[in-house]
Amino acid sequence: MIMDQLKNAGLYKGLHPNIDYAFQYLQTHPIADMAPGKYEIEGEDIFLLIQTYDTRSLDEGFWEAHRTYTDIQYMVEGSELMGVAHIENLVLTEDHLDEKDYVVLEGDGNFLKVEQGSFAVFYPGDAHMPCLSVDQPAQVKKAVVKVRVA
């Protein structure tokens with residue numbers, strides 16, 4: 001898991017070619033002006049989800065993890081809490097890896113405040129719980145780049 005500001009994305013160059021390309025895309029396209037929806041960047045190898053929603057309470061959240069994709073979650077507007085935990089420390093409750101590349105887990109982890117202009121990278125093996133309210137529910141806009149790494 002990595003958390004930083006988008007202006008520092010160059011520090012992570014070389015982690016994976018698809019991750020490099022995803023950061024370049026975020027830095028060179030008008031993400032703030034894009035409407036909610038799915039945008040193909042490099043087919044199913046790299047695609048972008050623009051989301052707007054109201055953040056939710058911790059008791060409404062759930063842990064998820066992926067096998068094939070790394071998530072780059074970039075806060076375009078607003079801020080939210082995002083949880084992170086290693087999947088080996090959680091209990092599997094639902095397996096949707098084959099059809100949708102995610103599992104649902106239960107357990108405890110750590111939480112970070114991710115603010116506007118910042119991103120979090122969740123690799124396969126990093127369980128994460130995004131979309132959580134900082135103090136109270138608030139509307140946010142987020143770009144999630146799904147990057148195939150496996």
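## Exercises on a predicted model

Lys38 is partly exposed, with 47% relative accessible area. The model is predicted.

**Exercise 1. Classify both partners of the salt bridge between Glu44 and Lys38 as buried, partly exposed or exposed.**

Step 1. The closest N and O atoms of Glu44 and Lys38 are 3.2 Å apart. The cut-off for a salt bridge is 4 Å, so the pair qualifies.
Step 2. Partly exposed covers the range between 20% and 50%.
Step 3. Lys38, at 47%, is therefore partly exposed. Glu44, at 38%, is partly exposed as well.

**Exercise 2. Find which parts of the chain are linked by the salt bridge of Asp45 and Arg148.**

Step 1. The closest N and O atoms of Asp45 and Arg148 lie 2.8 Å apart.
Step 2. Asp45 sits in the loop between β2 (37–42) and β3, and Arg148 in strand β12. The two residues are 103 apart, so the bridge joins distant parts of the chain.
Step 3. Check accessibility. Asp45 has 35% and is partly exposed. Arg148 has 27% and is partly exposed.
Step 4. Place the pair in the full count: the whole structure holds six salt bridges.

**Exercise 3. Determine what the side chain of Asp4 contacts, given that Asp4 is buried yet has no salt bridge.**

Step 1. Locate Asp4: strand β1, residues 2–5.
Step 2. Look for a partner of opposite charge. The nearest such side chain is Lys7, 7.9 Å away. A salt bridge needs 4 Å or less, so Lys7 does not qualify.
Step 3. Look for polar contacts. The side chain of Asp4 meets that of Asn8 at 2.8 Å. Another polar contact, of 2.6 Å, runs to the side chain of Tyr12.

**Exercise 4. Place two non-glycine residues with positive phi, Asp101 and Cys131, and decide whether they are buried or exposed.**

Step 1. Asp101 has a phi of about 60°. Its place is the loop between α2 (97–100) and β8 (103–106).
Step 2. Cys131 has a phi of about 75°. This residue lies in strand β11.
Step 3. Apply the 20% cut-off. Asp101, at 9%, is buried. Cys131, at 13%, is buried too.

**Exercise 5. Describe the largest pocket by volume and lining.**

Step 1. The space in the largest pocket is about 280 Å³.
Step 2. Its lining has 16 residues; Gln51, Glu64, His66, Asp71 and Pro130 lie nearest the centre.
Step 3. Strands β3 (46–54), β5 (69–77), β11 (126–132) and β12 (139–148) each give two or more residues to the lining.
Step 4. Sort the lining by class: seven nonpolar, three polar and six charged residues.

Definitions and conventions
Residues numbered from 1 in each chain as written. Predicted model: local features only at pLDDT ≥ 70, side-chain atom pairs only at ≥ 80, totals over all residues. Heavy atoms only, no water. 1 Å grid on protein atoms, 1.4 Å probe; cavity = no way out; pocket = protein on both sides within 12 Å on 5 of 7 lines; lining within 4 Å. Points joined across faces, edges and corners; volume = space filled by probe spheres on them. Helix = DSSP H or I, 4+ residues; strand = E, 2+ residues; numbered from the N terminus. Nonpolar A, V, L, I, M, F, W, Y, C, P; charged D, E, K, R; others polar. Buried < 20%, exposed > 50% of the residue type's maximum accessible area, 1.4 Å probe, protein only. Lys, Arg positive; Asp, Glu negative; His and termini not counted. Polar contact = N/O pair within 3.5 Å; in protein donor to acceptor, adjacent residues only side chain to side chain.
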